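The following exercises invite the reader to examine a structure step by step. Each task is followed by a worked solution.

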Amino acid sequence: MALLGVHEDTEYLPEYGTVVVRDDWPAREESLPEHENALLGELATEALAGTIATAGDGWLHGHAGDPYQSVRLEAHDTEPPSAGDAWEDVVETPFHSRSGAVALGLLTGGTDDGTLELGARGSFRARVSRRAADEGEEGDVWLVQFWPAPARQEPPRWLRRGRPALSGTGRERYVWAASDLASVAAWSDPARTEGLAGRLLLPEAELPALLEHAVARRLVAVDGETVTALPRRPPEPAPPAVWTPPRHETEPVSTPGGPPAAGMVAADGTVVVWRDGEPVPLGKAEGRHCYTAWETPAGIAVFTTAGPGTLVRWDGEPERLPADLGSHPVRSADGRLVAGTETHVGRRSWDQVHVVDLADGSVASLPRQDELGTRVHGIHGGAVFYTRLGESFRWVPGERPEPLPVQFVQLDALSGAAVIVDGGELAVLTPGCARLRLPQGEPVQLVPGGELVHTCRYAPPALETNEPGSGARTAIALPEGTQTSTSVPTGPVWEDRHTALFTAEGLRAVRGFSGLVRCHVPTGALEHVPLPSSLGYRPFLVRPVLDRES
């Protein structure tokens, strides 16, 4: 008897309250066909995860809840010893693996990083043990053990219950146990009512009501002494879409324009810059989930939603950044300093502000803060401006953070102008400390230089600018298909104080190509920029350095 492997995640966050273990496919060149019993597919029936856990062809679901869970997966070559009294709830179930490897995942699909090799493909027995976490910890602790088993084996059996199988009132008390029943019926194909209550570890007197509930929910069909699992009902057809977004009376005119000032990041993380009017791959960012990119004197800094980003130097060499700055970093006007908030989300969440000097690679950091709640707004004059739980600070690395008298919302790195909360409403705080009223009730962002704010409209697409204080507005109609969402990664960027650049995937339907739309605010002039297909699906723009006069 040997332990073949272990995979553990002490801070697993369930999706929809369900621990998910799923066959891991990406690294598998070969796999077994689907199980001959179609009722064992992950979405084959309408059953839930059950009172503890249920499993099938390449999946295992555990009934968890919303808090973080500690989950340990183990692969054994033979049946391991009994779980023992340390566990409150224990169930054993057949499990079929077509890939020979499993990983934790999400209910809506996919698997996380980290794989447990089972040692073979085919039929397994899985023992799922669960107990409450230690005092002061969230959620539950899970142990899921796999070992090889014959194709024809005992259906699921519940061995220990520290919590009632039936809870709640009325029909609700049977919901989770009915899914246990459906799992036994699917693996037995069909099950017999004799001994069923003992297998489910619930009172014999409750079995008739449980069967009645499962039949009413169309989880099973009962014919005399047999119980058969029922397939999921097909979804209702969706009604046809009838809403048509409003359009401009006259399509705005644009002229051909030059390439993006600072380049783009392709779908696979390749940084592309334009030289002599032609796109040239500069290098490739490391890691997955690239989200934001900044031009700097040292190269193009690409940030991700998971871990430190990458500096792709001007000679093409990728270099891992020395600190995790999150997916929404900020940058000084000259591009030398970048700052952001590293966050750890888990049972003991924390965040920490870092600032990186790209000239020498040095890092300055504030102490870790328990719980989340820190947002970095910008860098100006060598100082980092951030807000922590509603209180804003100015921090010069090497010195103590200085509390600010007002709460910051945004900061312009060029001028130092900021959007602040003033008497419960938003206002612009100018470098001269004047407070200029902003339009309320709509999202606005500072235009570089701090003299204007802007709002992007969706239907029909338009860029509106507003002068704080006076309220003077300018609206520039954008071509149909222009993407006006300000969310990164595909949101607009400012190439200088006067020029905004938008992605425009929807132009394919309107003008026959996907590309970019450039808007010159003072004149309202528009340019369109086709993009090469080599950039792939949904590339995003690099944000240029803005400390140069236009």
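How many bridges join β30 to strand β31, and in which sense do the two strands run? The model is a predicted one, in which local features need pLDDT of at least 70 and side-chain atom pairs count only at pLDDT 80 or more, while totals for chains, interfaces and linings use all residues. Residues are numbered from 1 along each chain as its sequence is written, and side-chain values use heavy atoms, with hydrogens and water left out.

**Exercise 1. Describe the pairing around β30.**

Step 1. Strands are DSSP runs (E, at least two residues) and helices are DSSP runs (H or I, at least four), numbered from the N terminus; two strands pair if DSSP finds at least two bridges between them.

Step 2. Strand β31 (residues 402-403) is joined to β30 by 2 bridges, and the two run antiparallel. Opposite P403 in β31 stands F393.

Step 3. The hairpin of β30 and β31 has 6 residues between the strands, and G398 in the turn has a positive phi of about 95°.

Step 4. Strand β30 (residues 391-395) also pairs with strand β29 (residues 383-388), in the antiparallel sense over 5 bridges. Here S392 in β30 is the bridge partner of T387. This hairpin has 2 residues between its strands, with L389 in the turn showing a positive phi of about 50°.

**Exercise 2. Determine the strand order and the edges of the open sheet that contains β15.**

Step 1. The sheet consists of 5 strands in the order β15-β43-β42-β41-β40, with mixed pairing.

Step 2. Its edge strands, each pairing on one side only, are β15 (255-256) and β40 (493-494).

Step 3. Between β15 and strand β43 (residues 525-530), which run parallel, there are 2 bridges. E527 in β43 is the bridge partner of T255.

**Exercise 3. Locate L358 and state whether it is buried or exposed.**

Step 1. L358 is found in the loop between β25 (350-357) and β26 (362-365).

Step 2. Buried means under 20% relative accessible area, exposed over 50%, and partly exposed in between (1.4 Å probe, protein chains only). L358 has 7% relative accessibility and therefore counts as buried.

Step 3. A contact means heavy atoms within 4.5 Å. Not counting residues up to four places away in sequence, L358 touches T296, A298, L311, R313, L321, G335, R336 and V338.

**Exercise 4. Trace salt bridges that link separate parts of the chain.**

Step 1. A salt bridge is a side-chain nitrogen of Lys or Arg within 4 Å of a carboxyl oxygen of Asp or Glu. The count by this rule is 35.

Step 2. D57 and R98 form one of them, at 3.5 Å from N to O. D57 is in the loop between β3 (53-55) and β4 (59-63), and R98 is in the loop between β6 (89-97) and β7 (101-105), 41 residues apart. Both D57 and R98 are buried.

Step 3. E79 and R127 meet in another, at 3.3 Å from N to O. Because E79 lies in the loop between β5 (69-76) and β6 and R127 in strand β9 (residues 122-132), the pair ties together parts 48 residues apart in sequence. With 46% relative accessibility, E79 counts as partly exposed, whereas R127, at 3%, counts as buried.

Step 4. E154 forms a salt bridge with R125, the closest N and O atoms being 3.7 Å apart. E154 lies in the loop between β10 (140-148) and β11 (157-160) and R125 in strand β9, so this pair ties together parts 29 residues apart in sequence. Salt bridges with shared partners join E79, E92, R125, R127, E154, R157 and R199 into one network.
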